[in-house]
Amino acid sequence: MSTTSSLSLPSSRILSYALTPVPSKPNAPVVLLSNSLATPFSSWQAVIPKLTSKGLSVLRYDPPGHGGSTAPADLSSTTFDSLAEDVRALLDHLSVERLHAWIGVSMGAATGIVFAAKYPHIIQRLVVCDTISCSPVNVGMDDIFGPRVAAARGAGKMDGIVDGTLERWLGHAWMDAHPDETSSLRQMMLTTTIDGFETCCAALRSRTFDLRPKTEAAGQGVDEALFIVGEKDANLPEAMQELRQGVERGLKKKNASATVDFHVVKNAGHVCYIDGFDDFIATVTEFLV
């Protein structure tokens, strides 16, 4: 059974988390699940029993202003380094010295790469799903996050942002075919505060957000890695290859025969653990066990 708990961070922010143990295995290896922007850790609910049934305990947490976690007073202060530092504080609090795996989607995947580079030899298996490589400004593109923050502020609520996000991530066909799952996810996402959305967008918009120089160090900091992407997730099936290659180069510095697989989930979008659930679970569990 999962119990939601909270940790008071050095900054006085509150970090909300849940640890789901394996009842018959008190010292089970820990798999950490890290969420995408505007999505609380409750979105992983269907994944948990698939992992605990394999003898793996599951740790989830909410980034700033998401779920039960609070946002910083300075909304511009959140970076991927600070997000990684939050997780390190959580692991220290729980006395978790090693993670069997870090499974991250989107913002959670980017945080995983930064964490692996910053804190080597804690993550054994890194699973990177559906992430961009850097902020738009770092590739000369228009900022897509600032206007979304402005729209949420102007409306005074997250409804429009959540509805637009669901359409981009899942598509109308999947949403129409799965109305209950869509409604449930929408309600979860609406728990994201505007402050939480803005502060995490600050990390995604920042010039400091560039995973490309960190991939080799991330590869050197883990034992194995796997990349997963939804087939319909814009250009990410092609764009993520650069990140995969960088992580693989890092792994090869320790083991010349190391490789990093790249799996495309058919007919899935940005949150492939939801609309590509069966394929995602089969791929991940094979990698983890």
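Where is the place of aspartate 130? The legend to view A gives the answer, after a word on the model.

All views come from a predicted model, in which local features need pLDDT of at least 70, side-chain atom pairs count only at pLDDT 80 or more, and totals for chains, interfaces and linings use all residues. Numbering starts from 1 along each chain as its sequence is written, and side-chain values use heavy atoms, with hydrogens and water left out.

**View A. Two residues with positive phi, aspartate 130 and asparagine 267.**
Aspartate 130 sits in the loop between β6 and α4. (Helices, H or I with at least four residues, and strands, E with at least two, are DSSP runs numbered from the N terminus.) Its phi is positive, about 50°, although aspartate 130 is not a glycine. With a relative accessible area of 0%, aspartate 130 is buried. (Buried means under 20% relative accessible area, exposed over 50%, and partly exposed in between, using a 1.4 Å probe and protein chains only.) Asparagine 267 belongs to the loop between β8 and α10 (272-275). Here phi is near 60°, again a positive value in a residue other than glycine. Asparagine 267 is exposed, at a relative accessible area of 52%.

**View B. Strand β6, seen at isoleucine 123 and glutamine 124.**
Start with isoleucine 123, which counts as buried at 1% relative accessibility. Setting aside neighbours within four places in sequence, isoleucine 123 is in contact with Arg98, Leu99, Trp102, Gly112, Phe115, Ala116, Gly221, Val222 and Asp223. (Contact means heavy atoms within 4.5 Å.) Looking further out, the C-alpha atoms of isoleucine 123 and tryptophan 44 are separated by 20 Å, with the two residues 79 residues apart along the chain. Now for glutamine 124, which is partly exposed with a relative accessible area of 23%. Not counting residues up to four places away in sequence, glutamine 124 touches Arg98, Leu99, His100, Val222, Asp223 and Glu224. From glutamine 124 to leucine 99 is 6.0 Å, C-alpha to C-alpha, for a pair 25 residues apart in sequence.

**View C. Helix α2 (residues 80-94) packing on α3.**
The two helices meet at an angle of about 75°, and their axes are 9 Å apart. (Axes are lines fitted to C-alpha atoms, for helices over the stretch in contact, and angles run from 0 to 180 degrees between N-to-C directions.) That makes α2 roughly perpendicular to α3. (Angles under 35 degrees count as roughly parallel, over 145 as roughly antiparallel, 65 to 115 as roughly perpendicular, and the rest as oblique.) From α2, the contact uses Phe80, Asp81, Leu83, Ala84, Glu85, Val87, Arg88 and Leu91, and from α3 it uses Met107, Ala110, Thr111, Val114, Phe115 and Lys118. Sorted by class, that contact has nine nonpolar, one polar and four charged residues. (Ala, Val, Leu, Ile, Met, Phe, Trp, Tyr, Cys and Pro count as nonpolar, Asp, Glu, Lys and Arg as charged, and the others, Gly among them, as polar.)

**View D. Helix α4 (residues 145-155) against helix α7 (residues 194-205).**
This pair packs at an angle of about 170°, with axes 9 Å apart. So α4 runs roughly antiparallel to α7. On the α4 side the contact is made by Phe145, Gly146, Arg148, Val149, Ala152 and Arg153, and on the α7 side by Ile194, Asp195, Phe197, Glu198, Cys201, Leu204 and Arg205. The class count is seven nonpolar, one polar and five charged residues.

**View E. Helix α9 (residues 236-252) and its bend at glutamate 242.**
The 17 residues of α9 reach 24 Å from first C-alpha to last, close to the 24 Å expected at 1.5 Å a residue. (The expected span is 1.5 Å times one less than the number of residues.) At glutamate 242, α9 bends by about 25°. (The bend is the angle between axes fitted to the seven residues ending there and the seven starting there.) The buried residues of α9 are Leu236, Pro237, Met240, Leu243, Arg244, Gly246, Val247, Glu248, Gly250 and Leu251. Their cover includes α3 (107-118), β6 (123-129), α8 (215-221), β7 (224-230) and β8 (261-265). Glutamate 238, also in α9, is exposed, with a relative accessible area of 56%.

**View F. Threonine 182 in helix α6 (residues 179-189).**
Threonine 182 counts as buried, at 10% relative accessibility. Apart from neighbours within four places in sequence, threonine 182 is in contact with Leu166, Trp174 and Met175.
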